[in-house]
Amino acid sequence: MKKIEAIIKPFKLEDVKDALVEQGIEGMTVSEVKGYGRQQGHPELYRGAEYVVEFIPKVKIEIVVSNDDYLNKAIEAIKEHAKTGKIGDGKIFVSDISKTIRIRTGEEDEEAL
């Protein structure tokens with residue numbers, strides 16, 4: 001099992017969600033987050049005064065998939081539908097999951113997904 005964490009621009013969330021559902025990926029967790037990457041924030045103008053927005057609003061999507069087929073489909077869907085071609089499009093992180101348990105039923109691993 002693999003966990004995919006994707007940090008994307010908030011306005012791309014619906015496109016990415018729809019693309020993942022089309023690939024058969026049913027569950028996800030979404031969080032509103034703030035952060036910055038290489039761009040280190042950006043300057044903004046407010047009432048004539050310039051200030052730096054250090055933490056940019058983003059959305060974090062977390063998905064756990066049972067096999068490499070779903071992993072590759074999910075990564076491609078996120079890459080294709082989250083991309084704007086501009087700085088700050090985000091990142092995708094993939095990590096191993098050693099155990100999954102559904103609390104309600106006690107099912108484990110792939111059955112719990």
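Which residue caps the N-terminal end of helix 2? Asn67 does. One of its side-chain oxygens lies 3.0 Å from the backbone nitrogen of Asp69. I'll come back to that helix. One caution before we go on: this is a predicted model.

Let's start with the overall layout. The protein chain has two helices and six strands. Read from the N terminus, the order is β-α-β-β-β-β-α-β. The radius of gyration is 17 Å, well over the 13 Å that the globule rule gives for 113 residues, so the chain is more spread out than a compact globule. The box tells you about its proportions. Taken along the principal axes, the C-alpha atoms fill roughly 60 × 25 × 20 Å.

How much of the chain is buried? Of the 113 residues, 28% count as buried. Now look at contacts between residues at least 6 apart in sequence. Of these, 71% join residues at least 24 apart.

Back to helix 2. This helix covers residues 68-82, which is 15 residues. From first C-alpha to last, helix 2 reaches 21 Å. That is close to the 21 Å expected at 1.5 Å a residue.

Which residues of helix 2 are buried? They are Leu71, Ala74, Ile75, Ala77, Ile78 and Ala82. These residues cover an arc of only 165° around the axis, which puts them on the same side of helix 2. Here is the general background. An α-helix has 3.6 residues a turn, so residues three or four places apart point the same way.

And what do the buried residues of helix 2 pack against? Strand 1, helix 1 (13-22), strand 5 and strand 6 (90-96).

Next, the charged side chains. Side chains of opposite charge can pair when their charged atoms come close. The count here comes to 11 salt bridges. I'll show you three.

Take Lys3 and Glu62. Their side chains meet in a salt bridge, 3.0 Å from N to O. Lys3 lies in strand 1 (residues 2-8) and Glu62 in strand 5 (residues 56-65), so the pair ties together parts that are 59 residues apart in sequence. Is Lys3 buried, exposed or partly exposed? Lys3 counts as partly exposed, at 22% relative accessibility.

Now Glu5 and Lys60. They form a salt bridge too, with the closest N and O atoms 3.0 Å apart. This pair also links distant parts of the chain: Glu5 sits in strand 1, Lys60 in strand 5, and 55 residues separate them. Lys60 is partly exposed, with 22% relative accessibility.

The third example is Asp15 with Lys12. Their side chains meet in a salt bridge at 3.6 Å, N to O. Asp15 counts as partly exposed, at 36% relative accessibility. Lys12, at 13%, counts as buried, because the cut-off for buried is under 20%. Elsewhere, salt bridges that share partners join Lys99, Glu108 and Asp109 into one network.

One last stop: Gly90. Where is this residue placed? Gly90 is in strand 6. Its relative accessible area is 42%, so Gly90 is partly exposed. Compare its position with that of Val59. The two are 31 residues apart in sequence. In space, C-alpha to C-alpha, Gly90 and Val59 are 9.2 Å apart.

To recap, on the model in front of you, find helix 2 and its cap at Asn67. Then turn to the buried residues, on the same side of that helix. Finish with strand 1 and strand 5, tied together by the pair Lys3 and Glu62.

Methods. Residues numbered from 1 in each chain as written. Predicted model: local features only at pLDDT ≥ 70, side-chain atom pairs only at ≥ 80, totals over all residues. Heavy atoms only, no water. Salt bridge = Lys/Arg side-chain N within 4 Å of Asp/Glu carboxyl O. Helix = DSSP H or I, 4+ residues; strand = E, 2+ residues; numbered from the N terminus. Buried < 20%, exposed > 50% of the residue type's maximum accessible area, 1.4 Å probe, protein only. Expected span 1.5 Å × (residues − 1). Arc of directions from axis to C-beta. Contact = heavy atoms within 4.5 Å. Polar contact = N/O pair within 3.5 Å; in protein donor to acceptor, adjacent residues only side chain to side chain. Rg over C-alpha atoms; globule rule 2.2 N^0.38 Å.
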